[in-house]
Amino acid sequence: MTTTTPSTDTGIALTVRGLRKSYGDRAAVDGLDLVAEPGTVTGFLGPNGAGKSTTLRILTGLARADEGEALVGGVPYRELKDPARTIGVMLDARALHGGRTGLETLRLVARTVGMPATRADEVLALVGLDGAGSKRVGSYSYGMRQRLGIGVALVGDPSVLVLDEPANGLDPEGIRWMRRLLRSFADAGGTVLLSSHQLREVEATVDRLVVISHGRLVREGTLEELTAGEGTRVSALDPAALVTALDRHGIAHEDRGAGVLEVSLCPEDMGRLALREQLVLTSLGATAGGGLEEVFFHLTGGEEDAAEIAGISGPGGSALTGAAPSAPAGAPSAAMTTPSAASAAPSPAATR
Ligand code: ADP
């Protein structure tokens, strides 16, 4: 039987609690909590070096935590009875052996995890490489390797997928393909945790986001939750008095230049505060729809990180500079908005 259904009826959640891991005196993961639920595609987002890969490596038994726990269905990876049939993992598609063909690669995995050889052919089709199965992996493009890497993760017909930067190197069609694959996997009760350092690569794919920076959780929620009510831009006749008032009330603010502050209050509450403090405001308005880069500026606390994970390239393209309007909240990037034929929609297959 070929089906989209992950291999167990009851879903398996991923749970990370109080996770810490240092390399030398540097904390790669610094007290992280996260949950990825069955039926959900969870995006694990953060700039390069934020600690995503380290977390995923601990979750999948490839590194040990200094403190805290990383559980797959309530137990550490190393205690899973049948890990390869429970959790499919893609950590680095570049590590695939270049001398083997795509089909050989999948057959080897199938044998290792106790699946029939026919599973390799099924998966090859699922990941859209049926025309390239006899070609050596060394001749594959980076995007093809990513597809094969996802295929390797699927061979064991797992209930959980953990994918490190799966969208990296995929073209827009590849990203649409991945979205369909992961959607059908999650809709069938599977759990997906995928990392990315670029929000725009995965925003149309994920249901929830867990945003980290410097090994710590910054925010989590749906994209709508993360972009809702992001704040207000305000300026006052007496800028110093405005700052003093905000500080006195413990309201976070960022200097946007030219006397404009961005504050973590809605415009109405900012107006009330100004009234109470007898401040004359010279401008007041909601931030531009909580543009993604604006949001991630707040989330990660740095322009570079925000621009990187919001997928803004080059100088001048960022609303962080104050000039260009930012994308509307939650707006998918153009590359990911076009629905495409579902004919090639791959789905996790089961042979049992
Ligand atoms: P991300 O996946 O978000 O890019 P990583 O988990 O790869 O982040 O890295 C987090 C931090 O830990 C970085 O500062 C990185 O240099 C460091 N790090 C990761 N793995 C190792 C390692 N094996 N040895 C030393 N430092 C490491």
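Which residue in strand 8 does Thr-40 stand opposite? Thr-191 is the one. Keep in mind that this is a predicted model. Let's walk through two sheets: an open one of 4 strands and an open one of 6 strands. A bit of background helps here: strands of a sheet pair through backbone hydrogen bonds, and they can do this in a parallel or an antiparallel way.

**The sheet of 4 strands**

- Going across this open sheet, you meet the strands in the order 2-1-4-5, and the pairing is antiparallel.
- Strand 2 (26-36) and strand 5 (75-76) sit at the edges with a single partner strand each, so each has one side without a neighbour in the sheet.
- Take strand 1 (residues 14-23): 8 bridges link it to strand 2, in the antiparallel sense.
- For a concrete pair, look at Leu-14, whose bridge partner in strand 2 is Ala-36.
- Helix 1 (residues 52-59) packs on this sheet, where it touches strand 1, strand 2 and strand 4 (67-72).
- Compare directions and you'll find that helix 1 makes about 115° with strand 1.

**The sheet of 6 strands**

- This open sheet runs in the order 6-7-8-3-9-10, and its pairing is mixed.
- Here the edges belong to strand 6 (87-90) and strand 10 (216-221); each has a single partner strand, so one side of each is left with no neighbour in the sheet.
- On average, neighbouring strands of this sheet are turned by 15° against each other, if you ignore direction.

**Strand 3 and its partners**

- Strand 3 (residues 40-45) pairs with strand 9 (residues 208-213) in the parallel sense, over 4 bridges.
- Two of the residues to look up are Thr-42, with Arg-208 as its bridge partner in strand 9, and Gly-43, with Leu-209 as its partner in strand 9.
- Strand 3 also runs parallel to strand 8, and 6 bridges join the two.
- That brings us back to the opening pair, with Thr-40 opposite Thr-191 in strand 8.
- Buried or exposed? Strand 3 is mostly covered, with 5 of its 6 residues buried.

**Helices on the sheet of 6 strands**

- Helix 5 (residues 142-154) packs on the sheet and touches strand 6 and strand 7 (160-163).
- The direction of helix 5 makes about 160° with that of strand 6.
- Helix 6 (residues 172-187) packs on the sheet too, touching strand 3, strand 7 and strand 8 (191-196).
- Between the directions of helix 6 and strand 3, the angle is about 125°.

Technical notes:
Residues are numbered from 1 along each chain as its sequence is written. This is a predicted model: local features need pLDDT of at least 70, side-chain atom pairs count only at pLDDT 80 or more; totals for chains, interfaces and linings use all residues. Two strands pair if DSSP finds at least two bridges between them. Two residues are in contact if their C-beta atoms, placed from the backbone, lie within 7 Å. Axes are lines fitted to C-alpha atoms, for helices over the stretch in contact, and angles run from 0 to 180 degrees between N-to-C directions. A residue is buried if 20 or more other C-beta atoms lie within 10 Å of its own, exposed if 12 or fewer, and partly exposed in between; C-beta atoms are placed from the backbone.
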